[in-house]
Amino acid sequence: MLKNNLIESKHFTTHQLAEGVYACIHKPGGAAYSNAGIIDLGDSTLLVDSFYALVAGRDLRHTAEALFNRPVETIILTHAHSDHWVGASVFDANTTLLANKTVREVCLQWGEGMMEDFKNPAGWETWINEMEQQLQTEQDERVRVSLENTITRARYTLAEMGEFQPRYADQTFEDVVNFQGIARNAELRSLGRGHSEDDAVLLLSEDRIAFIGDIGFFDSQPFFGFCDIDLYREQLLFFQESEFQVLVPGHGPVGDENDIALQLRYFDVMEDLVSEVAQRGGSFEEALQVALPEPFDKWLVGGMERFGVNVRYLFAHYGGEVPEEE
Ligand SMILES: [Zn+2]
């Protein structure tokens, strides 16, 4: 069970997976928007990722410090998508941020783009107002939930864009980093390109626990934007028949190899549906209308943007012509 000194966060729930190993899972309505991990190596604390917003990053920092009564020594980044690293800015210089070399380069690009975008809070206000107006007349429940989620998320960003300063990795690695603690060892391993430009995982072999970043989207719509679908599939296969019994995904609840199998099935179903439209010369609009079978249809609730991105990626991948993005 959780230790008593664990703070309650509105942004995530904390689950103990083993003595000294915790998964912090995004809570609906909160500002985490991704999952993180807290690992006690015995003589130091390691974090995996750091959430989408500063406000959630602060709770993560407090939780980790309260659990083991010391500052966090290292945060490892699984990949460069900003929903996993914005929160790292709330940690001070005693905490080292460690990422793959490629990931650091991509973070620099994303960070620059975000800083440019955040110079225009008025534009964000207008966008939020437009979504709120659309919400008053929108009838499609799936679109309504999507809009509500996007509004909440945009409001979190708007509230802190004035104070945000991106924090980039202080140290980089290429293939593997081994952590040796007095309580346990951990292996940080890059699985190369797949979900993103480079995806790293944290493997706790003795505990049979793996933090797999966005290689895992459990019980929720995966995200193909920026991916290479074939390499992404290989990353999933790495965990399909592995020694790791507990898998902490980047999004969704803690799971296991059954969740990997289901996610692989989603890849197959989506590829079949969208490639069929592209290869018979159908339009992108038609591709967007493909109906996902059970249980994937339920993943659409609140996930229409990711679905749209995935159809766009696959449609182009199979030779279809996609319209310019807005
Ligand atoms: Zn993510």
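**Reading a helix pair and a sheet**

Reply: Let's start with a pair of helices in this predicted model: the axes of H3 (residues 121–137) and H4 (residues 141–160) come within 10 Å and cross at roughly 160°.

Me: How do I read numbers like these, and what is the relative direction of H3 and H4?

Reply: In general, two packed helices are described by the angle between their axes and the distance between the axes. Angles over 145 degrees count as roughly antiparallel, so H3 and H4 are roughly antiparallel to each other. Their crossing is left-handed.

Me: Which residues of H3 and H4 make the contact?

Reply: An α-helix has 3.6 residues a turn, so residues three or four places apart point the same way. Here, H3 brings Pro121, Trp124, Trp127, Ile128, Met131, Glu132, Gln134 and Leu135 to the contact, while H4 brings Arg144, Leu147, Glu148, Thr150, Ile151, Ala154, Arg155 and Leu158.

Me: How many of the 17 residues of H3 are buried?

Reply: The count is 0, so to speak of H3 as hardly covered is fair. As for its length, 17 residues at 1.5 Å each should span 24 Å, and the end C-alpha atoms are 26 Å apart, which agrees.

Me: Now the sheet: what is the strand order?

Reply: The order is E8-E9-E10-E11-E12, an open sheet of 5 strands with mixed pairing. E8 (176–180) and E12 (246–251) each have a single partner strand, so one side of each lacks a neighbour in the sheet. On average, neighbouring strands are turned by 25° against each other, direction ignored.

Me: How does E11 join E12?

Reply: E11 (residues 209–217) and E12 run parallel, joined by 5 bridges. Take Ala210: its bridge partner in E12 is Leu247.

How values were computed. Residues are numbered from 1 along each chain as its sequence is written. This is a predicted model: local features need pLDDT of at least 70, side-chain atom pairs count only at pLDDT 80 or more; totals for chains, interfaces and linings use all residues. Two strands pair if DSSP finds at least two bridges between them. Helices (H or I, at least four residues) and strands (E, at least two) are DSSP runs, numbered from the N terminus. Axes are lines fitted to C-alpha atoms, for helices over the stretch in contact, and angles run from 0 to 180 degrees between N-to-C directions. The expected span of a helix is 1.5 Å times one less than its number of residues. A residue is buried if 20 or more other C-beta atoms lie within 10 Å of its own, exposed if 12 or fewer, and partly exposed in between; C-beta atoms are placed from the backbone. Angles under 35 degrees count as roughly parallel, over 145 as roughly antiparallel, 65 to 115 as roughly perpendicular and the rest as oblique. A crossing is left-handed if the near helix is turned anticlockwise from the far one by less than a right angle, and right-handed if clockwise. Two residues are in contact if their C-beta atoms, placed from the backbone, lie within 7 Å.
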